[in-house]
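Reader: I would like a close look at a single part of this protein, with its strands and rings taken one at a time. Please start with one pair of strands and work outwards from there.

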Amino acid sequence: MKTASKTSEPKKEVGAKDAAGKSAKPGRSPLAASKPSATAGGTATVTVRRLSKDAPSQPPAEAPARRAPEAVVPPAELVKPDNQLQLTESELKEDIARMLTTAIPDAPKAAVRYSYKEQAWRPEAATLTDSVMMHVSCDGWLLHHTADETRRQERLRQKAVTSAAADAAAIAHARDTVSQEQSQVSTAPAEGQPEVSRSISRKAEAAVGTSAEEGADPNTVLRNQFNFSERGAQTASHPPRERGTNTEAPPVVSVGGSTSHWVAYDAYLADQERQKAAEAEAKSKAAAKGAGRPAETPRDALDQPGSADDDAAERDGSSLHTPAMRDAAKVLERMSSQVAQLEIAMDFKYWDDVADNFRQDEGTLLPLWKFFTDRARRKQVTALAWNPEYSDLFATGYGSFDYHKQGSGLVACFSLKNPGHPEYHVHTPSGVMSLDWHPQHTSLLAVGCYDGSVKVFDMRVRHSAPLYSSVPGHGQHRGPVWGVRWMAAETAKARMFISLAADGRIVMWSLVKDKLQHEDLMQLAAVTEAGARSDLGRPLPAAGVCFDFHKTADHLFLVGTEEGAIHKCSTAYSSEYLASFQGHAMAAYAAKWNHKHERAFLTASPDWSVKLWSDGNPQAIMSFDLGSPVGDVAWAPFSSTVFAAATEDGKVHVYDLAQDTSTPRCAQLVVKAANLTRVAFNPKHPVLLVGDNKGFINSFKLSPNLRKPAVPPKAAKGALFLKFLLHGTGKVIVTVSTVEAFLELDAGPAR
């Protein structure tokens, strides 16, 4: 087998005659090389001689040509190493082809890099610099004889030689002239010698200067060593002008009168009467305000949208405190806020992540505005609710989930148009745990507090007193109210809402003319694993944590308890549970019906899991392990298969069950050193609100991959489980840590 490389004969040295004896021919490169000589080993030896870049291609005309002495050529000596490979003549003449490529054999072919953002190893794209290897690099001073720089230096050298020769000839001529005149001075009389000497010196200097000026090239531009250029400019000064205006003198009116003691006395009496009347009016208004309601009845105030208790009515009638001025100031504040945060407003309206076109299985959340008020310091976000009429307005409840850190509460209404300051805010004696907007009368807000009280506020009213409030001992709860929901009543005048508290009572409240009227719907009872209640005389109450009403059947609702059980209940049948679902090892913090599929609902628990259920199936259809306690979960309004869950490690997990049932489409860290407590989707825009235990509400915009509409089950392969949900005959268990799928089909009809 022939070797890949062949060792050649030693190089043959070229004599000095070949290197220096031959002169460079005109037109050749200054880097002159002799003819390569091939040795017996097949290696070409080239002798290179370097010419100075300052040396001319031909000697100057003034310099006499000198004949270079002939160099002695040393005899060629053949040096052959002992371990040289012995090759035959045919092997030496054989040509071995080699193909050069740009790829480096030693370069890594599949490099990976760890992505801290995605928390996974990702392949790194190959770059052009990976295929470049520099073996040797050196900077030289050789110039090609045809280059522009070579010609320029040659012209400068010839010009310098010519000017030097001209200067030398002029100086020699001046010296000859001076010597001749000095010889003439020596023969002249002595009294005229100083004047003659000075004239001779002047002539000599003039001759030398003239010769220098004649030898200089007028077109030569001296090189600017410091690259300095002087530029001067002067602006035109406008002449001063005077402008004068003559105005008409204001009219002058002469007023005269006379006064007396009785006139002054009558004026003082009238002023005292006016002050007494103003004090009486202020006292009457203060008494009406202390009653907690405006002048008209609460029922009339709700029926009339324009009847709001305005602070301007209590002032002195100044134009700065009128409702029109307040509305104008609010519009100016919104405009200035949008101008200050113009980039965020443009992202909210136009941003779409272009990277979603290249990654079909992932999405991102773009941070938009952050909402916070100084009144909510050291408070937690306990409730979030979007207004059903105004898509930019949402209400936030502030309180505390910690039993040992209870204090006052706050209800704040923020708008996306003015994120810097809440539009309305109301203080409560106890922490706010839940709230809900009325679906028709969108200014009514039902609030549940930690002390067990429920309140109804009209956000159009400027004062902080509620329109309705529960009274202790008259149906008020004895524990924190974890949920309030307005009901769709048969008549438009009737206004009712339902509350759920930790005492296990589900109470329906009705808004009558001057008070809240309560009616107990159900008392939650603890259920054993066998399905029977405790037999200790009477059933033990179960603490309710969350509940949600069905989207189409108004009488059906789900209740989650501290034991982790989920019960299906009805307002028309309150003695027993319609169905019970056991699947969580800890309390069920959230239970949400799907707005498209009537039998599907989600539950979340601090046992790190989110479960998908089907009504009629006692076992969870799907289970998602998020690796951290889950605080809240919410369905997306634009798709029946997209939901978001918030965990205590500061992450938001967004799933799309139509695309992937094992891994989330987005698992993004949105806050640091904070626990996420609430999450809510905007009903109109692709915006997600996330609240934490520090009192901040962060808003995010979903990328296109996270807001895809749901595909009908017949056209989507990934939506096969939707058929099982609709018929109640399927069971699929999927975990994020270990992706397992188990499918069971039952031919029986749905219940």
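Author: This is a predicted model. The starting point is a pair of strands, E25 (residues 600-604) and E26 (residues 609-614), which are antiparallel and share five bridges. Within that pairing, Leu-602 has Leu-612 of E26 as its bridge partner.

The two strands belong to an open sheet of four strands, in the order E24-E25-E26-E27, with antiparallel pairing. At its edges are strand E24 (590-593) and strand E27 (622-625), each of which pairs on one side only. On average, neighbouring strands of this sheet are turned by 15 degrees against each other, with direction ignored.

Further along the chain comes strand E29 (642-647), which deserves a longer look. Six of the six residues of E29 are buried, so the strand is largely enclosed by the rest of the structure. In a regular strand, side chains alternate between the two faces of the sheet. In E29, Val-642, Ala-644 and Ala-646 are on one side, while Phe-643, Ala-645 and Thr-647 are on the other, and all of these residues are buried. Both faces of E29 are therefore covered, since a residue counts as buried when its relative accessible area is under 20%.

E29 has pairing partners in E28 and E30. With E28 the pairing is antiparallel and covers five bridges; one of the matches sets Val-630 against Thr-647 in E29. A hairpin through six residues joins E28 to E29. Strand E30 (residues 651-656) also runs antiparallel to E29, and five bridges join the two. Here Ala-644 stands opposite Val-654 in E30. E29 and E30 form a hairpin as well, with three residues between them. In that turn, Gly-650 has a positive phi of about 85 degrees.

Next, the aromatic rings. The structure holds 21 aromatic pairs. In one of them, Phe-547 and Phe-549 have ring centres 5.9 Å apart and planes at 70 degrees, so the pair is edge-to-face. Phe-547 is buried, with 4% relative accessibility, and Phe-549 is buried too, with a relative accessible area of 12%.

Phe-638 and Phe-681 form another edge-to-face pair, at 6.2 Å centre to centre and with 85 degrees between the planes. Phe-638 lies in the loop between strand E28 (630-635) and E29, and Phe-681 in strand E32 (residues 676-681), so this pair ties together parts that are 43 residues apart in sequence. Phe-638 counts as partly exposed because its relative accessibility is 28%, whereas Phe-681, at 9%, counts as buried. Elsewhere, ring pairs link Phe-371, Trp-386, Phe-394 and Phe-414 into a cluster.

Two cysteines can be added to the buried residues: Cys-569 has 0% relative accessibility, and Cys-666 has a relative accessible area of 4%. A search of the whole structure finds zero disulfides.

Last, the wider setting. The protein chain has nine helices and 34 strands, and buried residues make up 35% of its 751 residues. Among contacts with a separation of 6 or more, 51% are between residues 24 or more positions apart. The accessible surface of the chain comes to about 47,500 Å², and 55% of this belongs to carbon and sulfur atoms.

How values were computed:
Residues numbered from 1 in each chain as written. Predicted model: local features only at pLDDT ≥ 70, side-chain atom pairs only at ≥ 80, totals over all residues. Heavy atoms only, no water. Pairing = 2+ DSSP bridges. Axes fitted to C-alpha atoms, helices over the stretch in contact; angles between N-to-C directions. Disulfide = S-S within 2.5 Å. Buried < 20%, exposed > 50% of the residue type's maximum accessible area, 1.4 Å probe, protein only. Contact = heavy atoms within 4.5 Å. Areas by Shrake-Rupley, 256 points an atom, 1.4 Å probe, with all protein chains shown as cover. Phe/Tyr/Trp six-rings, centres within 6.5 Å; stacked < 30°, edge-to-face > 60°.
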